[in-house]
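I opened this notebook to keep a record of what I looked up, entry by entry. The sequence and the coordinates come first, and my notes come after them.

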Amino acid sequence: MQRGFYTAASGMLTKQRTINVISNNIVNARTPGFRAGRVVTGSFEQELLKRVEGKNTEIIGEGSLMRVVKDVSTVFQPEALEETGIPYDMGIEGEGFFNISTENADGEETIYLTRNGHFNVDEDGNLILPGKGMVLGEKGTINLKNADFTVDASGNIYDDRGRFVDRLLITAPPMDADIQHTPNGMYFVEDMSTNVPVSGNTSIWQGRLEHSNVDMNREYTLLMEAQRAFQACSSALQIMDKIDQKAASTIASL
């Protein structure tokens, strides 16, 4: 009976994590550049299974009492750009991420990656991603005097007099990099120095924003599946608990 408890309980835990990830996808369906997450599960503590028939034994394969969440992967499929007409909005067509600089309470800088180009400026005229940090160019932070600036397809920024200001820092991690999805909705690579500037087929569009790649129809379908599976595991756990109670009371009466 203990095997059943482990299986049902692990199913509930796994599906609860799945529901949390899908719910986060739905909440961020309208966040520019957001990338959907997916739960990846795996077996826990594989063991060999044997068949015993009289004096004969035979290994029939491997099994596991539990499935657990191994990882939450990110679907990096790009999406279309929508024109907004706002000069601070920028979208990436192709590969790469914007680089955002943040500082913690100790003044230590951390650089994050994002496809969210819904930028603005602070009181000092620095280009920022509101609530996240400062947008980086190849020279560092980008300072703009006013909204009269232009950005070309290569990410070069020019002021209202046509003078070069800076170029947006658009980089991409190596193929084998471990890209972590952080609680602030952006991405982080342990060794940011391995990121390389992108060029070629990547273009920057001013006055446009990239949609999230969340498909609401698919997310709602996956959510209902996860909820039904969670309820099934919960019912199975309750049934096994009642069987154990019945067995204990029956044995005690003997």
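The entries below go from the whole chain to its charged residues and then to three single positions.

**Entry 1: the chain as a whole**

I noted before anything else that this is a predicted model, and I read every value below as computed from it. I looked up the secondary structure and found two helices and 21 strands in the chain. I then turned to burial and found that buried residues make up 37% of the 254 residues. For the surface I recorded an exposed area of about 15400 Å², of which carbon and sulfur atoms supply 51%. I also checked how the contacts are spread along the sequence: among those between residues at least 6 apart, 64% join residues at least 24 apart.

**Entry 2: negative charge on the surface**

Which residues gather in a patch of negative charge on the surface? I found Asp71, Asp178, Glu190 and Asp191 there. I followed one of these further and placed aspartate 71 in strand β4, which covers residues 66-74. Its relative accessible area is 44%, so I entered aspartate 71 as partly exposed.

**Entry 3: salt bridges**

I reminded myself that side chains of opposite charge can pair when their charged atoms come close. How many salt bridges does the structure hold? I found five, and I wrote up three of the pairs in turn.

In the pair I took up to begin with, the side chains of glutamate 210 and arginine 115 meet in a salt bridge, with 3.0 Å from N to O. This pair links distant parts of the chain, 95 residues apart, since I found glutamate 210 in strand β21 (residues 208-210) and arginine 115 in the loop between β8 (109-114) and β9 (120-121). Are these two partners buried or exposed? I entered both glutamate 210 and arginine 115 as buried.

I next looked at arginine 167, which forms a salt bridge with glutamate 138, the closest N and O atoms being 3.8 Å apart. Arginine 167 lies in strand β15 (residues 164-167), while glutamate 138 lies in the loop between β11 (133-137) and β12 (140-141), so this bridge ties together parts that are 29 residues apart in sequence. Arginine 167 has 26% relative accessibility and therefore counts as partly exposed, and glutamate 138, at 49%, also counts as partly exposed.

The last pair I wrote up is aspartate 159 with arginine 163, where the closest N and O atoms are 2.9 Å apart. Aspartate 159 has a relative accessible area of 19%, which puts it among the buried residues because the cut-off is under 20%. Its partner arginine 163, at 47% relative accessibility, counts as partly exposed. I closed this entry with the shared partners: salt bridges join Arg35, Arg115 and Glu210 into one network.

**Entry 4: glycine 125**

I located glycine 125 in the loop between β9 and β10 (127-129). Its relative accessible area is 9%, so I entered glycine 125 as buried. Leaving aside neighbours within four places in sequence, I found glycine 125 in contact with Ile142, Asn143 and Leu144. I also looked up a C-alpha separation, and for glycine 125 and asparagine 146, which are 21 residues apart along the chain, it is 7.2 Å.

**Entry 5: alanine 229**

Where is alanine 229 found? I placed it in helix α2, which covers residues 216-253. With 23% relative accessibility, alanine 229 counts as partly exposed. The C-alpha atoms of alanine 229 and glycine 11 are separated by 7.8 Å, although the two are 218 residues apart along the chain.

**Entry 6: valine 135**

I ended with valine 135, which is found in strand β11. Its relative accessibility is 1%, so I entered valine 135 as buried. Leaving aside neighbours within four places in sequence, I listed its contacts, among them Asn99, Ile100, Phe119, Leu127, Ile128, Leu129 and Leu168. Gly140, Thr141 and Ile142 are also in contact with valine 135. From valine 135 to isoleucine 111, 24 residues apart in sequence, the C-alpha to C-alpha separation is 9.7 Å.

How values were computed
Residues numbered from 1 in each chain as written. Predicted model: local features only at pLDDT ≥ 70, side-chain atom pairs only at ≥ 80, totals over all residues. Heavy atoms only, no water. Helix = DSSP H or I, 4+ residues; strand = E, 2+ residues; numbered from the N terminus. Buried < 20%, exposed > 50% of the residue type's maximum accessible area, 1.4 Å probe, protein only. Contact = heavy atoms within 4.5 Å. Areas by Shrake-Rupley, 256 points an atom, 1.4 Å probe, with all protein chains shown as cover. Patch = residues over 30% accessible without salt bridge, like charges linked within 9 Å, V, L, I, M, F, W, Y side chains within 5 Å. Salt bridge = Lys/Arg side-chain N within 4 Å of Asp/Glu carboxyl O. Lys, Arg positive; Asp, Glu negative; His and termini not counted. Charge placed at Lys NZ, Arg CZ, Asp CG, Glu CD.
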